[in-house]
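The following exercises are to be worked through with the sequence and the model at hand. Each task is followed by a solution in steps.

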Amino acid sequence: MRQKISGSLVVLILSVGLIGCETSAPTAVPPVTPPGGVDNSSVKLTEIDVAGFERAVASHPGKVVLVDFWATWCGPCVRAFPGTVALSRKFADKPFVVMSVSVDEPDATPEVKAFLAEQQAQFDHYQYAGEGDAFDAFGITDGIPEIRIYDQTGKLVAKWNGANEVEIEAKIQELLQ
C-alpha cells in the first residue's frame with residue numbers, strides 16, 4: 001500500500017539533509033566505498049583523542065589553523081570537503097594549516113583513507129580513537145561538518161556547522177593580515 005507524503009514533510013526531510021549530519025552515523029546510509037584504482041597508501045591517518053587533538057593544534061604556533069570535523073557517512077561533509085581542500089591550496093604559501101578529523105568508527109579507516117586519497121587532500125588527517133562518543137569528546141553539538149578556526153596563539157576564534165565558504169575564507173584572510 002502506498003502512502004502519500006505531505007509537502008511539508010518532504011521540505012522538512014530535504015532541509016535536514018542540507019543542514020548537516022546528526023551526531024551519530026545513520027545505519028541506512030552506506031559509507032563511501034574505496035573507488036577502484038585509488039592508491040590510499042600515501043594517506044597518513046593518525047588516531048587521535050582530545051588531548052592529542054589539543055597538542056596538534058598547539059603544535060602550529062604563529063599559524064592560523066582550520067580544522068574540519070567530518071565523516072564518510074555524512075553527505076554534507078563529503079560535499080563540503082573539497083572546499084576545505086581548496087582553502088588549503090589557496091593559502092598554502094601563508095602561515096596557515098589545515099587539519100581534518102574524521103569521526104568515523106575505527107572499522108571505516110579504509111573508506112576514510114580512500115576518500116582522502118580521492119580528494120588529494122595534502123594536509124594532516126586524524127581519526128578519533130578516544131574514549132566515548134567523538135561528538136561529546138570534541139563538544140560538537142550541532143552536527144557535522146563542523147569547521148573550526150584557531151588563531152596564531154591556538155585560541156578558537158570561530159566555528160561553523162556546515163559549509164559557509166565565504167565566511168570561512170573571510171575569517172582566514174582577516175586573521176592572516
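**Exercise 1.** How many residues has α6, and how far does α6 reach from its first C-alpha to its last?

*Solution.* The model examined here is a predicted one. Helix α6 has twelve residues. From the first C-alpha to the last, α6 reaches 16 Å, which is close to the 16 Å expected at 1.5 Å a residue.

**Exercise 2.** Determine which residues of α6 are buried, and on which side of the helix they lie.

*Solution.* Step one is to list the residues of α6 with under 20% relative accessible area. The buried residues of α6 are I168, K171, I172 and L175. Step two concerns their directions: they cover an arc of only 100 degrees around the axis, and therefore lie on the same side of α6. A general rule agrees with this reasoning: an α-helix has 3.6 residues a turn, so residues three or four places apart point the same way. Step three asks what covers these buried residues; the cover includes β2, α3 (75-90), β3, β5 and β6.

**Exercise 3.** Describe the sheet: in which order do its strands lie, and which strands are at the edges?

*Solution.* Six strands form an open sheet with mixed pairing, in the order β1-β4-β3-β2-β5-β6. The edge strands are β1 (45-48) and β6 (156-161), each of which pairs on one side only. On average, and with direction ignored, neighbouring strands of this sheet are turned by 25 degrees against each other. Helix α6 (residues 165-176) packs on the sheet, where α6 touches β2 (64-70), β3 (96-102), β5 (146-150) and β6. The direction of α6 makes about 170 degrees with that of β6.

**Exercise 4.** In which sense do β1 and β4 pair, and over how many bridges?

*Solution.* Strand β4 comprises residues 124-128, and β1 pairs with β4 in the parallel sense over four bridges. As one detail of this pairing, E47 has Q127 in β4 as its bridge partner.

**Exercise 5.** Locate T72 and decide whether T72 is buried or exposed.

*Solution.* T72 is placed in the loop between β2 and α3. Its relative accessibility is 4%, so T72 counts as buried. The side chain of T72 is joined to that of D104 by a polar contact of 2.7 Å.

**Exercise 6.** How many helices and strands has the protein, and which pattern do they follow?

*Solution.* The protein has six helices and six strands. Along the sequence the pattern is α-β-α-β-α-β-α-β-α-β-β-α. Of the 177 residues of the protein, 42% count as buried.

Key
Residues numbered from 1 in each chain as written. Predicted model: local features only at pLDDT ≥ 70, side-chain atom pairs only at ≥ 80, totals over all residues. Heavy atoms only, no water. Pairing = 2+ DSSP bridges. Helix = DSSP H or I, 4+ residues; strand = E, 2+ residues; numbered from the N terminus. Axes fitted to C-alpha atoms, helices over the stretch in contact; angles between N-to-C directions. Contact = heavy atoms within 4.5 Å. Expected span 1.5 Å × (residues − 1). Buried < 20%, exposed > 50% of the residue type's maximum accessible area, 1.4 Å probe, protein only. Arc of directions from axis to C-beta. Polar contact = N/O pair within 3.5 Å; in protein donor to acceptor, adjacent residues only side chain to side chain.
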